[in-house]
Amino acid sequence: MSVAVLDRPRSKAIARPAPPEPLISMRSVSKGYGSGVTRNEVLSNINLNLRKGEFLAIVGFSGSGKTTLTKLLAGLEMPDSGEIVMDNEVIKGPSQERGIVFQNYSLLPWLTVRGNIALSVDRVFKHWSRGERRDHVEKFIEMVGLSHAVHRRPHELSGGMRQRVSLARTLAMKPNVLLLDEPLSALDALTRSVLQEEILKIWEEERQTCLLITNDVDEAILLADRIVPLNPGPNASLGPAFSVELERPRDKTALNHNETFKGLRNAVTNYLVAVRQKSRDDEALASEASPIELPELQPRSLRVPRGRAG
Amino acid sequence: MNWRGNALKFCDVAGLPALEPFVRLLAGEDVKEQLKGIAKFVVLPVAAVVVFLLLWSAAARTVVTDSMQLPSPTDTWTAGKELFAMHSAQRAEDLKVKQEKTIQAVTLLAQANAVTKQAESATGERKETLLANALVLKKKAVQAANYRPSSAPTFVDQIITSLKTVFVGFAIATLIAVPIGVLCGMSPWCNAALTPFIQIFKPVSPLAWLPLAFLIIVWAYSGTKPGENFFDKAFLISAITVSLCSLWPTLVNTTLGVASVDKDYMNVARVLKLSWSQQLFKIILPASLPLMFAGLRISLGVGWMVLIAADMLAQNPGLGKFVWDEFQNGSSQTYARIAFSVIIIGLIGLLLDRIMIFMRNLVSFGDPQAA
């Protein structure tokens, strides 16, 4: 039989692609601040898989614990319970593997644009030659379109330019995972839209695993492969994931008339609004459940007793 | 950037808003607006000074006792001019003496050479006598060449001594306060340990410190003769009193600056896994420089104020001693000279303050006007 003659590869090798492996997993993570009476539970029972090469967006209202979530992922904070695993290793502290872009840029004001980026590059690529590092820095300055401003200091830049520097600084570290903590929420609407498109462009080139935290549903749909809503805190937990079935490369203007886009936007927004309403109702219910009983007092007489007046 | 931008930036960093309207006027900006600026920053202060001088003259005519009188602005000005004239005269005389001594040294050396030559041709006892004579002449020549005028210090000398004292004291204070401040800012434990000392010693007056500084210097110098040491005793006592008093603002501000480094900067450092020394030199110190310099500025101001009192008590030949000596002498010029030195002390204080503002603005990015 011919079958016996052919040295065929194992059928397993040509099987359909398995779902991408999770790069980072959060397993029943909880986090709170303070102790005793002042204890404030921020996140509870968070389970999240960030898959290799995917762009995941977490959408939530302000104050729902989004920044705590990024800090946990970055390793700047430790979970109270549960664990966060990256590449089968429990995250025990910050690492250059997980680059983070902060909401308020966090640029060092005494360094120029180049100095800020070079600080990271010099640290992460210590073993490179001086020339290599310099070229690397220049490449990323060019990528975010700031070649004309390399010698300026952060206070001489607009908000959008600062966030570009911050983005370039993190990208230049070549991290495995990019954590974007509301990177655009401090910017005006126009700058925001321009930067969204730029992030999209850069990401489509590099296809890096990326986690975006945002309060803007449109932004999340434009950029992400998957959207996970964050239910409002205290005790914030994650809602069901929405998959974004939109072709890449995406175009912001065209999306505005796309039915899938509109449908998804409504779905996510409705979910968030409903969850917040429920959380408010729960809170109201909780406060109604144990009303303080006030004693009923009634004056018998309004006259001042004789002899005590004055 | 064009010259105007640079000039305006300089005005901003140097803390000289008075120059700004002139720069803008030269650049051809709106004249009316700039004249308003000039009126505010130049004309108004000048007018205030004129009013002050008028009031001062009136006071000088009123405050009169049998033996003394408040000096008028003109008296003060004349006394000041005299002080500087005395200084130039003294310098000229010193120079003359110095020149004479130099000529003397050259002649002596020539004589010595001649005697040595004679000695070469001579023999026996005579040769030895001649050589001995030559040696004596040479020694005299060296003495003459090394002559230092030993006249009393002039007003300008005293200003220079005062400045030296304050800078030495300030440097000692900075060298002590900045490292301790950084330590306290980085470690709350260290801060808790040192807080009682800082709280107690900060409000102590220089006059209380001075005897203790005196004791320590005398102890350190025991067993040495005057002239053997690099610093004069009185000079060191003044300088150390200045340090002890000007230590605290720098210490407190450095602690505050280091402790209040933006958490975000520290997060950046943590993500980059900077080593301890890199964190210190690349993040913490640059971030706390503006507050540190604000502290240094206060320190220098306090130091200059304390110095005058320390000079008076330690008899360090600076401006404080000048004021005190004049007060004790009681010549007709006394009060005019004291008034003049008051103004000079004020002007030098102003200059020192400006220098510190300038330096602080150089290290604070983004908000040169703050604090």
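The following questions and answers concern a predicted model with chains A and B.

Biologist: How many helices does the secondary structure of chain B come to?

Modeller: From the N terminus on, each element in the run of chain B is an α element. The count of strands in chain B is zero. The number of helices in chain B is 13.

Biologist: What radius of gyration does chain B have, against that of a compact globule of 371 residues?

Modeller: The C-alpha atoms of chain B fill a box of roughly 90 × 65 × 50 Å along the principal axes. Of its 371 residues, 28% count as buried. A compact globule of 371 residues would come near 21 Å, but the radius of gyration of chain B is 29 Å.

Biologist: In chain B, what share of the contacts with a separation of 6 or more comes from residues 24 or more positions apart?

Modeller: Two residues are in contact here if their C-beta atoms lie within 7 Å. Among contacts in chain B with a separation of 6 or more, residues 24 or more positions apart account for 72%.

Biologist: What should helix α1 of chain B span, and how far apart are its end C-alpha atoms?

Modeller: Helix α1 of chain B covers residues 3–14, which makes twelve residues. The expected span is 1.5 Å times one less than the number of residues, so this helix should span 16 Å. The end C-alpha atoms agree with that, lying apart by 16 Å.

Biologist: Which residue follows α1(B), with a positive phi?

Modeller: The phi in question is near 70 degrees. The residue that follows α1(B) with this value is B:Gly15.

Biologist: Is B:Asn146 buried or exposed?

Modeller: B:Asn146 sits in the loop between α5 (124–145) and α6 (155–186) of chain B. Its C-alpha atom is separated by 9.1 Å from that of B:Ala105, 41 residues apart along the chain. A residue counts as exposed if 12 or fewer other C-beta atoms lie within 10 Å of its own. B:Asn146 has 9 such atoms, so B:Asn146 is exposed.

Biologist: Which helix supplies the largest share of the side of chain B that touches chain A?

Modeller: The contact takes 13 residues from chain B and 16 residues from chain A. The chain B side divides into seven nonpolar, two polar and four charged residues. At least two residues each come from α10 (263–271) and α11 (276–314) of chain B. The largest share, six residues, is from α10(B).

Biologist: Which helix gives the most to the side of domain 1 of chain A that touches domain 2 of chain A?

Modeller: The domain assignment of chain A gives domain 1 as 40–97 + 176–282 and domain 2 as 109–174, and their C-alpha centres lie 25 Å apart. Nine residues of domain 1 are in contact with eight residues of domain 2. On the domain 1 side, seven are nonpolar, two polar and none charged. The helix that gives the most, with three residues (its range is 189–206), is α6 of chain A.

Biologist: Which are the edge strands of the open sheet of six strands in chain A?

Modeller: The order is β6-β7-β8-β3-β9-β10, with mixed pairing. An edge strand in this sheet pairs on one side only. The edge strands are β6 (98–101) and β10 (242–243) of chain A.

Biologist: Which residue in β9(A) stands opposite A:Ile58?

Modeller: Strands of a sheet pair through backbone hydrogen bonds, either parallel or antiparallel. Strand β3 (residues 55–59) and strand β9 (residues 226–229) of chain A pair in the parallel sense over four bridges. In β9(A), the residue opposite A:Ile58 is A:Val228.

Notes:
Residues numbered from 1 in each chain as written. Chains lettered and ligands numbered in written order. Predicted model: local features only at pLDDT ≥ 70, side-chain atom pairs only at ≥ 80, totals over all residues. Domains from an automatic or database assignment. Nonpolar A, V, L, I, M, F, W, Y, C, P; charged D, E, K, R; others polar. Pairing = 2+ DSSP bridges. Rg over C-alpha atoms; globule rule 2.2 N^0.38 Å. Buried ≥ 20, exposed ≤ 12 C-beta atoms within 10 Å, placed from the backbone.
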